[in-house]
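Work through the exercises below with the sequence and coordinates at hand. Each task is followed by a stepwise solution.

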Amino acid sequence: MAFTAGKSKEIEGKSNDWLLDQSLMQSMQDRFCDANNVYMVCLNAQNGVVTKAYGTKEELEYVYSKAGRERHVSLLDKMTGHSIESVVEEPLDTDFIKMSGVAIHVSGETIAVWIVIGIMDDSTEDIPDYMMRTSPERYYKSLEFLESLSKQIFAVKMEEVLAQEAFNKSRESEAQMKEQLHRNEAMTSILKMLESENSFTKIVDDILKDACEYLGISAGALLRENQEQKTVDMICEYAGEGREPQMAKEQGVPKEELPFFNGKPYMISSDSMLPEGFARLFAQKNLTSAVFLPVEVNGHAGMYLCFCESEKKKKWEIADIKFINDVKRIIQTILTKRITKNSLASSYASLEAILENVGCAIYVRDPQTGHILYANEKYQKFFKKTLEELPLSPVSLQDATETKNGLFREIYSEKENRWFDCYSTHIQWVDGRKVTLCTIYDVTDKKLYQQKIEKQANNDFLTGLYNRMRCEQDLQHFVEDTHESGGEGALLYIDLDDFKHINDGLGHQYGDILLKNISSGLKQIPGVNDNCYRMGGDEFIILISHKVYPNLHNIIDRIKAEFARPWRLKGTEYYCTMSMGVVRFPTDGDTVEELIKKADIAMYDAKCAGKNRVAYYDENVISTSFKRLDLEKNMRNATRNAFDEFEVYYQPITDISKPGMPCSGAEALIRWNSRELGVISPTEFIPLAEYLGLINPIGSFILREACMRCKYWNDMGHPDYKVNVNLSVVQLLQNDIVEQIAEVISETGIDPKNLTLEVTESLAINDMNRMKKILADIKKLGVRVALDDFGTGYSSLNHIREMPIDVIKIDRCFIIDIGKDDFSNAFVKMVAELASAIDVNVCVEGVETKEQLDILMGSKIQLIQGFYFGRPMTAREFEEKYL
């Protein structure tokens, strides 16, 4: 119906029964019956009778004798389950009485039904004189009028509801603006304390008062550790109205009685789980919720800022925690300023010594005059040739480094024949004028290595053929060209038969020789040329453009002939056949992923049919297995039963860039222990879940469980612990994935910066533009993004620079041989350098030995994940070890 098109989501989610106004409908029914000489009643499946049936007792008894109540119920059932027809006639045993139902539809749902009964005036039956009569023509016209009238009445009713919703939203927005104004006023008042000349305790007293009044809580205090570090005194306090001050009582309190006084922050809401020490403290102090934040004194957490509530239950919102942390930073700034006010030991000489040894070139330039005000020795070395011709004026750098504040640029100096990364910003010089400060890093070696890697990115190093990434790019162009020309193309998927026997029998070096010979032979076939690709291992793809498609069968025959002859290896002739799957585009599909998948299916059918043959993709051929069916059935049952067979495990992630290499969080990993099938490997059930569309609810379960657990870690003294959650291809392709993530963050209360979502490298590269937008929207929520399995998806390094990511995770396959394989060593070093240049962290997966760790310790790697530090474990095991 037209009047429901603009309904808000809030209204759309409700049952429509609440739209029924019984008083209005009773009045409408009575007038309608009087005007049309019919008998009516309104029924509803949920509530039964909506209006009192029209007619006297005698009239209704007569009506029910001809059209009994069971007829009414039958007609109601028909129309409640039929959302298309608006008018349905119920056949009766007599012809002189007609009984019809007129449905009241709202949003495609039947919310009520008018039962209309008319007695025909042309009947020869003996009808009591007190009964109203009507003609068939008038009866059916009255039904049409009743349907139209119902639509109009409920359209008006819906408009009223929408207007009320709009009014409520306006009021809600106004309340939010008032709250924001209140917060700004409170923070402005606190910020003014930075310039106050009052004593430190007086300033903090005033800050506590403003903060507690804004938060609407009972008390606030600043505690200080005494010199012997065994007792604690309260030095500042705010007590709400009617609350007795505790200053005199809270002096010399033994430190062991305060479980939070350990250098960690705690944010405990009324619904938080409490360890024994906190439960005892909350009971003693009659607290319902509290926040305890450490304040550093000379590098040591010698003070604690406390905000407490004892009169009502309180759940700390993210906005509250942010406000409290801002207050803590202001107090920390005031304290530091007071401590260092008369002890500044810096000087221009010491600053200059620092700038001469920072490892990068630095210069300061007046943008108005062009004069160089300062340049360190490294700058002189970087631009020696340039400065010989133009002293202190590297013209090639000016446009790149001084056009915009905070600009980062990569430039090439022709005179120096070197590449540089330059970062410029505007600062105020000692005499007050605005100048440009530029820092310059020599990245020539990294640039040359990057160019070498990118040059090789499109080619397979063994055979010289194009690789998988280039295949996917070319296939996309082939499909587009075929659409434009109106022709047809084909994809040939080739897999060598029993190639493993060659490797095992003769050795991998001869297997490599065979692959090279096959590659060379395929390229010589007319029509193949440079459109042959090695997908990995012993798999090849050949693309047939629309121009050579008419010769498809000849090309396939030539390929078959190529494999029909023997290959000479190790002085002996060997035969190696192939199985081929053929898929045509756009007949069988028009996307890269779909075509490769279907060609793979066709090739698998050729293998199953006995190998050494060609199979064309057939939509009607369905391959399945009993195990697959069994897995599917049990997985569907497991997802329906509240995921009780699934459990989230956590593998610790260690920060090796910090002293002591502390745990910084964990990656959440799903485990399935089926009651029927036992423990199922993730590599087996996750692809099936993606295929069946069950990965979405499973992924939502993992995300919610991981966020709840991380929020608990953050509340219990580890505010910086982060949790990593993998997002599958299917999840990211949902149109509302960003809204789903935002809803979980809101429900669990996790700080978004402590959530890291991992996406696979291959997914990101397949649709770069779409992925950049989705990841950018996710990052707007405050969530971190990690690129998983880096190095396995043939990424362009330029793509990596474009993507909005925070962490690059290097796949474990590059760590297995680190220290033994030059390529692995160079790859890890290159990724670390690249990550440092684009300001993202690097996490290395699969570290299992101390030797691997020792090698990584010398690089720019921040995070480590692997069995050396810990296998995936239950939440309880993780918390016992790291919480």
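The exercises cover a helix, a set of strands, the nonpolar cores and some backbone exceptions.

The model is predicted: local features need pLDDT of at least 70 and side-chain atom pairs count only at pLDDT 80 or more, while totals for chains, interfaces and linings use all residues. Residues are numbered from 1 along each chain as its sequence is written, and side-chain values use heavy atoms, with hydrogens and water left out.

**Exercise 1.** Compare the expected span of helix α14 with the distance between its end C-alpha atoms, then describe what surrounds its two ends.

Solution.
- Step 1. Helices (H or I, at least four residues) and strands (E, at least two) are DSSP runs, numbered from the N terminus. Helix α14 covers residues 468-485, which is 18 residues.
- Step 2. The expected span is 1.5 Å times one less than the number of residues. For α14 this gives 26 Å, and the end C-alpha atoms are 25 Å apart, so the two agree.
- Step 3. At the N-terminal end, Asn-467 acts as a cap, with a side-chain oxygen 3.3 Å from the backbone nitrogen of Met-469. Just after the helix, Gly-486 has a positive phi of about 75 degrees.
- Step 4. Buried means under 20% relative accessible area, exposed over 50%, and partly exposed in between (1.4 Å probe, protein chains only). Buried residues of α14 include Met-469, Leu-475, Phe-478 and Val-479.

**Exercise 2.** Find the strands that pair with β28 and say why β28 counts as largely enclosed.

Solution.
- Step 1. Two strands pair if DSSP finds at least two bridges between them. Strand β27 (residues 722-726) is joined to β28 by four bridges and runs parallel to it.
- Step 2. Strand β29 (residues 784-790) also pairs with β28 in the parallel sense, over five bridges.
- Step 3. Thr-756 of β28 is the bridge partner of Asn-724, and Arg-784 in β29 is the bridge partner of Thr-756.
- Step 4. Five of the six residues of β28 (residues 755-760) are buried, so the strand is largely enclosed by the rest of the structure.

**Exercise 3.** Describe the surroundings of Asn-754.

Solution.
- Step 1. Asn-754 sits in the loop between α23 (737-748) and β28. Its relative accessibility is 1%, so Asn-754 is buried.
- Step 2. A polar contact is a pair of N or O atoms within 3.5 Å; within protein, one must be able to donate a hydrogen and the other to accept it, and residues adjacent in sequence count only if both atoms are side-chain atoms. The side chains of Asn-754 and Asn-714 make such a contact at 3.1 Å.
- Step 3. Contact means heavy atoms within 4.5 Å. Leaving out residues up to four places away in sequence, Asn-754 touches several residues, among them Cys-710, Pro-719 and Tyr-721.

**Exercise 4.** How many residues does the largest nonpolar core have, and which helix gives the most to it?

Solution.
- Step 1. A nonpolar core is a set of buried Ala, Val, Leu, Ile, Met, Phe, Trp, Tyr and Cys residues joined through side-chain atoms within 4.5 Å. The largest has 98 residues.
- Step 2. Helix α21 (residues 695-715) gives the most to this core, with ten residues.
- Step 3. A second, separate core has 47 residues, including Val-38 and Phe-96.

**Exercise 5.** Locate the backbone exceptions at Pro-586 and Asn-529.

Solution.
- Step 1. Most residues other than glycine have a negative phi, and most peptide bonds are trans.
- Step 2. The bond joining Phe-585 and Pro-586 is cis, with omega about 5 degrees. Pro-586 is in the loop between β22 (578-585) and α18 (592-608).
- Step 3. Asn-529 has a positive phi of about 50 degrees and is partly exposed at 45% relative accessible area.
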